[in-house]
Amino acid sequence: MLSVLAAKLVATAVVVIGVSIAVGKLGPRLGGIIAGMPIVLGPGYFFMLQEQSPAFIREAALSTLHALVATLVFTICFVVSARRLGAKASLALATLCWIPAVLLFLQLPGGVPMAVLMYALVLLLAEGVKRYLRLTPPRVVAASGWFDLVLRGVLAGVLVSVATTLAANAGPLLSGILVGFPIGLLTIGWTLHQRYGVEVARATVSMAQQGMLSLVAFAMVTALLVGSVPPLITFLLALLASLGVSVALFTLSQWRFRRAYAKAPPL
């Protein structure tokens with residue numbers, strides 16, 4: 001049991017750290033696309049698809065979708081409270097908001113379609129909050145240090161190994177919820193707050209709200225295809241769907257930037 005946990009922890013940590021390094025090395029264009037990939041969900045569901053039944057995976061993926069909706073609540077709580085409460089208190093409060101939000105969204109009927117619809121509705125709320133607070137993209141290039149990378153990788157590895165091994169005995173709901181816990185946003189919010197200040201942390205976390213649509217695509221495709229196609233094909237198609245959403249979001253953001261630049265008055 002311990003050897004299995006250790007293997008999953010190390011494998012996940014290597015993936016998370018490797019992707020994080022690639023984001024910094026490849027520049028904002030490719031790096032932004034890669035950053036939107038499911039670097040925690042991916043390893044988690046890769047292991048679960050090899051070890052669990054289609055019914056287990058389907059229910060776990062649905063609970064992950066509910067957890068992602070709750071993660072939007074997490075981000076809203078953080079961007080609203082971070083300026084007054086500081087990093088630790090605001091992240092603790094956001095986590096406390098995430099827990100009851102997950103339990104509430106788990107009660108939703110309607111399966112995958114209702115979970116996706118709820119995500120869209122909460123995302124609209126998050127966009128309204130962001131506009132009300134007038135959050136803008138940070139001007140600082142926030143490069144991660146080795147401490148940040150290793151911390152994020154180890155925490156993600158612990159989360160995935162527990163969710164796919166120990167929590168599997170407690171059922172798919174707990175596994176799906178744990179894999180969907182916003183460990184990446186928590187570490188990013190904390191390190192950016194400490195290193196670059198509250199405004200950079202708030203703006204960065206708020207920018208992740210739309211980017212999480214790629215994670216929604218991953219979980220949705222997994223839930224819909226598992227049992228109909230082989231596990232590896234399910235994983236690859238979910239990964240491609242996630243990447244496709246990231247590319248679409250990046251293309252849209254570039255189009256908006258160029259349009260705004262074209263309309264700007266000459267100096």
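Helices in this tour are DSSP runs of at least four residues, numbered from the N terminus. The model on display is predicted.

**The whole chain**

Begin with the entire protein in cartoon view. From the N terminus on, its elements run α-α-α-α-α-α-α-α-α-α-α, giving eleven helices and zero strands. Colour the 267 residues by accessibility, and the buried ones make up 45% of them. Among contacts with a separation of 6 or more, 81% join residues 24 or more positions apart.

**Helices H3 and H10**

Select residues 54-85, which form helix H3, together with residues 213-225, which form helix H10. Their axes lie 8 Å apart, and the two helices pack at an angle of about 160 degrees. Angles over 145 degrees count as roughly antiparallel, and H3 is therefore roughly antiparallel to H10. The crossing of H3 with H10 is left-handed.

Now display the side chains of this contact. On the H3 side, show Ile57, Arg58, Ala61, Thr64, Leu65 and Leu68; on the H10 side, show Leu215, Val216, Ala219, Met220, Thr222 and Ala223. By class, these comprise nine nonpolar residues, two polar residues and one charged residue. The spacing of such residues along a helix has a simple basis: an α-helix has 3.6 residues a turn, so residues three or four places apart point the same way.

**Thr222, within H10**

Centre the view on Thr222 in helix H10. Is this residue buried or exposed? Thr222 counts as buried because its relative accessibility is 1%, where the cut-off for buried is under 20%. Leaving out residues up to four places away in sequence, Thr222 touches Tyr45, Ile57, Ala61, Thr234 and Ala238. Next, draw a distance from the C-alpha of Thr222 to that of Leu62: the two atoms are 9.1 Å apart in space, although the residues are 160 apart in sequence.

**Phe56, within H3**

Return to helix H3 and select Phe56. With a relative accessibility of 10%, Phe56 also counts as buried. Which residues does Phe56 touch, not counting those up to four places away in sequence? They are Met48, Ala168, Gly171, Pro172 and Ser175. For Gly171, the C-alpha separation from Phe56 is 7.6 Å, across 115 residues of chain.

**Ala163, within H6**

Two of the residues that touch Phe56, Ala168 and Ser175, lead to the next stop. Select residues 146-166, helix H6, and pick out Ala163. At 0% relative accessibility, Ala163 counts as buried. Apart from neighbours within four places in sequence, Ala163 is in contact with Ala168, Ser175, Leu178 and Val179. The C-alpha atoms of Ala163 and Val179 are separated by 6.1 Å, with their positions 16 residues apart along the chain.

**Helices H5 and H10**

Keep H10 displayed and add helix H5, residues 111-133. The axes of H5 and H10 come within 11 Å and cross at roughly 175 degrees. That angle makes H5 roughly antiparallel to H10. The contact joins Val112, Val116, Tyr119 and Leu123 of H5 to Leu213, Val216, Met220 and Ala223 of H10. Its residues divide into eight nonpolar, no polar and no charged. Val216, Met220 and Ala223 of H10 take part here, and they also take part in the contact with H3.

**Helix H9 and its surroundings**

Select residues 198-211, helix H9. Its 14 residues reach 20 Å from the first C-alpha to the last, close to the 20 Å expected at 1.5 Å a residue. Which residues of H9 are buried? They are Val200, Ala201, Arg202, Ala203, Val205, Ser206 and Gln209. To see what surrounds them, show H3, H5, H8 and H10, against which the buried residues of H9 pack.

Finish with helix H8, residues 183-196. H8 and H9 pack at an angle of about 155 degrees, with their axes 7 Å apart, and the two are therefore roughly antiparallel. Their crossing is right-handed. In the contact, Leu185, Ile188, Gly189, Leu192, His193 and Tyr196 of H8 meet Val198, Val200, Ala201, Thr204, Val205 and Ala208 of H9. By class, the contact has nine nonpolar, three polar and no charged residues. Val200, Ala201 and Val205, which meet H8, are also among the buried residues of H9.

Note on methods. Residues numbered from 1 in each chain as written. Predicted model: local features only at pLDDT ≥ 70, side-chain atom pairs only at ≥ 80, totals over all residues. Heavy atoms only, no water. Axes fitted to C-alpha atoms, helices over the stretch in contact; angles between N-to-C directions. Parallel < 35°, antiparallel > 145°, perpendicular 65-115°, else oblique. Left-handed = near helix turned anticlockwise from the far one by under 90°. Contact = heavy atoms within 4.5 Å. Nonpolar A, V, L, I, M, F, W, Y, C, P; charged D, E, K, R; others polar. Buried < 20%, exposed > 50% of the residue type's maximum accessible area, 1.4 Å probe, protein only. Expected span 1.5 Å × (residues − 1).
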